[in-house]
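Colleague: I should like to understand how the terms used for this structure are justified. May I put some questions to you?

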Amino acid sequence: MQVLVTGGAGYIGSHTVLSLLENNVDVIVYDNLVNSSIESIDRVEKLTGKKVEFVEGDICDKEKLSRVFKQFSIDAVIHFAALKAVGESAEIPLSYYQNNVHGTVCLLEVMQQHKVHNFIFSSSATVYGEENNVPYVETMKLGTPSSPYGASKVMVERILADLALSDSKFRAVSLRYFNPIGAHESGAIGEDPKGIPNNLLPYVAQVAVGKRDKLRIFGDDYPTKDGSCERDYLHVMDLAQGHVAALDWLNRHPDFSGVEAFNLGTGNGVSVFAIVKAFEQAINKKIPFEVSPRRVGDLPAFWANASKANKELNWQANRSLEQMMTDTWRWQSKNPNGFLI
Ligand code: NAD
Ligand code: WQD
């Protein structure tokens, strides 16, 4: 089986490529490296002893994409390529819609031309918006996310639904990720944010390694157990295996057509203070922090109802919070400058 992985050099993509190779799936990565390094693919090849075909290209470049579909016999596409910084998306919304929405349409058009019907999409818990109560369940109506980034994910989910209505061969799975953290247990690949990290764990890890002086905790006056926000953090290797499970689900359901959404999370909410404490315990060192004002757009608490993925994908997030912390630290301490070598 050959799978095209767009955005496969990035954080979740590289871990998923590794899991695919371990499951004897041949992988072609298509990535423009706007937020990643080819070094991640080299390291995946070293870890697995297997070859990855790599094409540097933009998903908006339909001619280049088309050449890739001609060159390889692609059975399915896993589509990670997107811009993902929530704050930045409010500053340059057009780039986000161009990249995430128009780029996805280009990819779907090329897939259609080449009669490739299997599609796995990187969606997000953000599509539930602020209207829905927790825990989030797939049967809920999509909400209104607070950022253009989130809106781009809702738009793509809508596009997939419309495409499925028009094309009875189209088979898509939308995986709604909660908060992926951690790194491969080797410490050879992990999350490598450019500039100041937006997300909690990369920031905590950079404080721990001495690159930043302290963490700012955005708000301690939320209506939660300890006043800080709660999220459903899951290990990136569990998430990677969720993609293998989704591919397997498509293979096990040859008569399926349409779009099926699955939440990928642990089902537990963990607070920011609890994350800091767990990280401190894992590395046996204090993380300096101060409480700052709330960050615009943050919801107090959300986590997944992951029963559908547990039951239908035979998938579960197995790795503990402690392992998420230990693996984050192994990656960060072995690679203080990320993939820059
Ligand atoms: P990432 O930035 O590490 O990976 C995205 C990859 O896509 C990068 O390698 C980047 O170079 C590439 N890319 C971006 N635009 C491209 C384009 N136009 N053409 C080709 N390649 C392009 O991000 P990630 O955290 O690995 O996220 C992967 C996917 O999962 C994204 O779609 C993101 O929106 C989604 N997602 C991420 C999270 C999270 O917390 N990390 C949560 C939910 C959903
Ligand atoms: C987690 C918690 C912050 C940084 C984002 C996207 C979401 C999805 C995952 C893609 C929050 C707090 C953070 C810091 C802090 N991505 N925090 N200090 O916001 O839950 O989700 O990434 O789809 O769409 O919105 O994740 O890691 O940014 O924040 O106190 O320096 O940590 O306020 O409560 P978030 P995050």
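**Contacts of the ligand and the sheet**

Modeller: An oxygen atom of ligand 1 is 3.2 Å from a polar backbone atom of G10. The model is predicted, so local features need pLDDT of at least 70 and side-chain atom pairs 80 or more, while totals for chains, interfaces and linings use all residues. Residues are numbered from 1 along each chain as its sequence is written, chains are lettered from A and ligands numbered from 1 in the order written, and side-chain values use heavy atoms, without hydrogens and water.

Colleague: What makes the approach of I12 to ligand 1 a polar contact?

Modeller: A polar contact is a pair of N or O atoms within 3.5 Å. A backbone N or O atom of I12 lies 2.8 Å from an oxygen atom of ligand 1, so the pair meets the definition. For I59, a polar backbone atom is 3.0 Å from a nitrogen atom of ligand 1.

Colleague: Why are β2 and β3 called paired strands?

Modeller: Strands (E, at least two residues) are DSSP runs, numbered from the N terminus, and two of them pair if DSSP finds at least two bridges between them. Strand β2 (residues 26–31) and β3 have 4 bridges in the parallel sense, and therefore they pair. One of the bridges joins D31 to E56 in β3.

Colleague: What makes β3 an edge of the sheet?

Modeller: The open sheet of 7 strands has the order β3-β2-β1-β4-β5-β6-β11. β3 (53–56) and β11 (258–264) each have a single partner strand, so one side of each is left without a neighbour in the sheet.

Terms used
A polar contact is a pair of N or O atoms within 3.5 Å; within protein, one must be able to donate a hydrogen and the other to accept it, and residues adjacent in sequence count only if both atoms are side-chain atoms.
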